[in-house]
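I opened this notebook page to record what I looked up in a single protein chain. The entries run from the whole chain to individual residues.

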Amino acid sequence: MQEAQYDQIFKEIYDDAACVPLYYCEKIFAINSHVKGFEFGASEYDPVKWGRLWISN
C-alpha cells in the first residue's frame with residue numbers, strides 16, 4: 001500500500017469514530033478566590049448550600 005492509501009484509511013477511521021463517554025458529569029462548579037463559604041449540598045437536587053456563599057473583596 002502507498003502512503004496516500006494509509007492516509008485515506010486513517011482519515012475514514014477518524015471521521016467515523018464514535019465517542020463514548022466513560023463518565024457524564026451532571027454539574028460543574030467553578031469558583032475563584034473571592035468566593036467564600038462554598039459547600040456542596042446533600043443531594044443532586046440541592047447541589048450547593050447557596051445561603052452560605054459570599055464574595056470577598
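The entries below follow the order in which I consulted the model.

**Entry 1: nature of the model and overall fold.** I noted at the outset that this is a predicted model. I then looked up the secondary structure and found one helix and four strands in the chain. Reading along the sequence, I recorded the order as α-β-β-β-β.

**Entry 2: dimensions.** I asked what radius of gyration the chain has. The value is 23 Å, whereas a compact globule of 57 residues would come near 10 Å. I also took the extent of the C-alpha trace along its principal axes, which is about 65 × 30 × 10 Å.

**Entry 3: burial, contacts and surface.** I looked up how much of the chain is buried and found that 5% of the 57 residues count as such. Among contacts with a separation of 6 or more, I found that 0% come from residues 24 or more positions apart. The accessible surface amounts to about 5,700 Å², and carbon and sulfur atoms hold 57% of that surface.

**Entry 4: charges.** I counted 5 positive and 9 negative charges in the chain. Their mean positions lie 21 Å apart.

**Entry 5: Asp16.** I located Asp16 in helix α1. Is Asp16 buried or exposed? Asp16 counts as exposed because its relative accessibility is 65%, and the cut-off for exposed is over 50%. I then took the C-alpha distance from Asp16 to Gln5, eleven residues away in sequence, and obtained 17 Å.

**Entry 6: Asn32.** I placed Asn32 in the loop that runs between α1 (3–16) and β1 (35–36). With 44% relative accessibility, Asn32 counts as partly exposed. I looked up the spacing to Ala18, which is 14 residues apart from Asn32 along the chain, and found 35 Å between the two C-alpha atoms. I also examined the side chain of Asn32 and found one of its polar atoms 2.8 Å from the backbone nitrogen of His34.

**Entry 7: Ser56.** I found Ser56 in the segment that follows β4 (54–55). Why does Ser56 count as buried? The reason is its relative accessibility of 18%, since buried means under 20%. Leaving aside residues up to four places away in sequence, I asked which residues Ser56 touches. I recorded Ser33, His34 and Lys36. His34 thus appears in two of my entries, as a contact of Ser56 and through its backbone nitrogen beside the side chain of Asn32.

How values were computed: Residues are numbered from 1 along each chain as its sequence is written. This is a predicted model: local features need pLDDT of at least 70, side-chain atom pairs count only at pLDDT 80 or more; totals for chains, interfaces and linings use all residues. Side-chain values use heavy atoms; hydrogens and water are left out. Helices (H or I, at least four residues) and strands (E, at least two) are DSSP runs, numbered from the N terminus. The radius of gyration is taken over C-alpha atoms; the globule rule is 2.2 Å times the number of residues to the power 0.38. Buried means under 20% relative accessible area, exposed over 50%, partly exposed in between (1.4 Å probe, protein chains only). Contact means heavy atoms within 4.5 Å. Accessible areas come from the Shrake-Rupley method with a 1.4 Å probe; for residues, only the protein chains shown count as cover. Lys and Arg count as positive and Asp and Glu as negative; His and the chain ends are not counted. The place of a charge is taken as NZ of Lys, CZ of Arg, CG of Asp or CD of Glu. A polar contact is a pair of N or O atoms within 3.5 Å; within protein, one must be able to donate a hydrogen and the other to accept it, and residues adjacent in sequence count only if both atoms are side-chain atoms.
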